[in-house]
Amino acid sequence: MALLDIKGLKTHFTTDAGILQAVDGVDISINRGETLCVVGESGCGKTVTAMSILKLIAMPPGKIVAGEIMFEGRDLVPLTSHELDDIRAKEIGFIFQEPMTSLNPVLTIGEQIAESLRRHEAVTKKQALERTVDMLKLVQIPNAAGRVHHYPHQFSGGMRQRVMIAMALACRPKLVIADEPTTALDVTIQAQILDLLQDMKERFGMAVMLITHAMGVVAETAQRVVVMYAGKVVEEAPVDELFGNPRHPYTQGLIRSIPRIDLDAAHKTRLEAIGGSVPILINPTPGCRFAPRCKYAMSICTEREPRLREIAPGHRMACHLGDAS
Amino acid sequence: MSEPLLRVSNLKKHFPVLGGLLSREIGQVYAVDGVSFTVGRGETLGLVGESGCGKSTTGRCVLRLIEPTSGEVVFDGQSVMGLGGGDLRAMRRNMQLVFQDPFASLNPRMTVGAILAEPFIIHGTVTSPSEREDRVASLLVKVGLKAEHMRRYPHEFSGGQRQRIAIARALTLEPKLIVCDEPVSALDVSIQAQVINLLEDLQAELNLTYLFVAHDLSVVEHISDRVAVMYLGRIVELAKASDLYRNPQHPYTRALLSAVPVPDPKAKRERIRLKGDVPSPMNPPKGCHFHTRCPIAEERCKQTSPELREGSNGHFVACHLA
Amino acid sequence: MAGLTLASPSAEPQRRGYSPWRETWRRYRRHRPAVVSAVLLLLLIAAVVLGPFAWRVSISDMDVVAGLQGPSLAHPFGTDDLGQDILARMIYGGRISLAVGLAAMLVSVFVGTLIGALAGMSRGALGYALMWLTDLFLSLPQLPLLLMLIYLFRDGLKAVFGPEGGIFILIVLVIGGLRWMPVARLVRAQFLSLREKEFVEAARALGASPVRQVVRHILPNALGPVIIAGTIDVAAAIIAESTLSFLGLGFPPDTPTWGRILYDAKDFLDIGPHWALFPGGAIFIAVVAINFIGDGLRDALDARKVI
């Protein structure tokens, strides 16, 4: 049984221009101990999907209108925010893109991590502090015993993200959701943080759901990849398969439109851009949502929506192109 | 070799840090600390480095949007440093800037047409309104938009389209040099490629020279002829793009390149992991600025700062050990 | 949160005929009390401007016999102790009260914007000096100063511009001249942030002169908060004028502003409450309506707020 199984999730937002179908029928499952990358551009619904799991979206205007989110066999959708508090941090940890806005600026980082520990586990104040220091050592914060009493603004961006990771992992959750954890960081710091995440995953055996827009990060961290576009999953495959044999035109476009630092021949060849821009998901047109930008679009693509289906073991995609063959 | 279009020598920009009751100067940020490079006509020089390395400040100092503390900038045989008032304004017709954030770089209260016509009005180059409109229309078409878009406001366009408008604005005065400050880093992956391709097409068509400032090493490699790597206000390595990426000499460049995630899950590459963070540019380390994080630093690296020396074939490195 | 950022437009240019002002109007319409208030205020203005053409009763016709009558067909708002028609006096006084509010607002917005803009663009001593001046003005006790200024200059101005004109100019200058400081601070803060914005830097890179940068790029983007502050200022100035008149320091007794009518009525509250009720109500409605309009404008002009 999968650790987390999202089925037919639809999260919509009410705006004054109409209903924004940010996530519109998404199926994603994560197995125990697995690293799954959800990749896509801004507005594709990857963050809203992740936020929906723990109801971290603002409701209203947001609303989960359909679908179920099974975590260890239990549906999280009907739970109240209060009931979810027992699952947040304890079972599912969350790492945000911008650590500065998700850490409380008037509490020391030690207080913040210890608070979450004491909320979920029967530990004394002293034990919580010890565990916190251990956690900070684990995420390689130098002089952890002293730094535990510092405030978030006294840390650099990379160090703050380490603190966030320590906080997310303090209660040993079974699943960690990391939403663009390295996007705000420099490349050398990004490498440190990705290494740390990998290291922590091996140590604690948790599953990781990593949300990113960078194909390079996907290739280096994922075991399995879900590609999202305009609120839907368009392709899903093991990482080698996805990069070796991308089938959906959007996935192909994503991989081919980025300059490659690792290929000599690629230098000064023209990039294959995907034309147009990401659609607004208010009253989307019928058919495939990628059709307006797709160079292979046929007449059926604007008429009928392609279903996500298995084309090879573990490889699913939603495109009419595959139907012909 | 012919005279380069742009020659920057020993450029420095130290920002004062004010503090205390009477806002007295309590220190300085050494944002740019002695940078020298040249850019040839029709060439693209990439300026790459992590945040706080001074690359954007360098770009703005070249245009004198930020007043440099010292150093020399020679553009097309003429010193930019001594210019003032009208001369500086005239000089700016030849050098333009494209910004990182296309949501902040266009005035939300002006139509696209008004934004693009403004340079003609400022410099009095096109006085008839109908001719201005024609010129704006052809600029829009040139960057891949439509003439009728001139009546709309920036708000109505997507990020990629706005960046096209910003590029059109930079082109209005037919400049020779365009400083591109992270022009694609705020854009979605699939849109980045559109803008990069547009910049390359325009360069070929109009014989433009680019100073391309960015933190994304893959993008910089793709678009640049030569690349300069900056660290804490100094250039540590400068070479032809292919040369720099295949044969990096400076330990910082090597680490930087090895940290770039590659979109190939089968690639097994050797990692050089740098420890710690970039030191504050308010009190950079003595000697070589990089020695605190350098895996091969020696005693002399802490004492004397290495000069940027030419090795073979225009490959410059600032390292005692390279 | 993340959900809201998704609502930002990302695709093809959408609606035709979009402009920032039209967008403001669209947002304003969503604030119901503000729309009602705008209608109310327009009616009030229409009444005082067009009223004399419909209600042709003189403000100074006295009929002591018919004094202190309650509302009737002949005198819809009743009469005062001298038998003067209160409706006619209210229409006349409303013109002055609203004009004072508007004019004083224009003075405070003009002075405030000028000083704020100068302080916001200056990078040297001038900016500090102007802000010290602003703080100095803010720390002055307003009411005593107001009274003193009026005592000092009333007669001089009366001699030059006549009793009504002189007092009007004096009151407008005094009220406006003591209310520009919040506007100046607001404008300075806006200028400080806007002048570092990339579109202003772009204008500088294109060779735009400082005046052009201010007029074309900074000022239009700084106007929103100024308009809101100005709206509230109208209400404050109406109240200030009423206060002055109520203290007997405003317009002369034969010039019936709303505040002046209220002042005259205060001694007859027990026998002729209608006399105070109508001007008091008019001030109340005008001030509340203007404040709601200010609220509506705040919502409409604050682009960060997603409605």
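**Close-ups of chains B and C**

**View 1. An open sheet in chain B.** Four strands of chain B line up in the order E2-E1-E4-E5 to make an open sheet, and their pairing is antiparallel. E2 (24-39) and E5 (78-79) of chain B sit at the edges with a single partner strand each, so one side of each has no neighbour in the sheet. Strands here are DSSP runs of E, at least two residues long, and helices are runs of H or I of at least four, numbered from the N terminus. Strands pair if DSSP finds at least two bridges between them. This is a predicted model: local features need pLDDT of at least 70, and side-chain atom pairs count only at pLDDT 80 or more, while totals for chains, interfaces and linings use all residues. Residues are numbered from 1 along each chain as its sequence is written, with chains lettered from A and ligands numbered from 1 in the order in which they are written.

**View 2. E1(B) beside E2(B).** E1 (residues 6-19) of chain B pairs with E2(B) in the antiparallel sense over 12 bridges. Look for Lys12(B), which stands opposite Asp33(B) in E2(B).

**View 3. Two helices of chain C.** H10 (residues 258-265) and H11 (residues 273-301) of chain C pack at about 150 degrees, with axes 8 Å apart. Axes are lines fitted to C-alpha atoms, for helices over the stretch in contact, and angles run from 0 to 180 degrees between N-to-C directions. H10(C) and H11(C) are therefore roughly antiparallel (angles over 145 degrees count as that). Among the residues making the contact (C-beta atoms, placed from the backbone, within 7 Å) are Trp258(C) of H10(C) and Trp275(C) of H11(C).

Technical notes:
Angles under 35 degrees count as roughly parallel, over 145 as roughly antiparallel, 65 to 115 as roughly perpendicular and the rest as oblique. Two residues are in contact if their C-beta atoms, placed from the backbone, lie within 7 Å.
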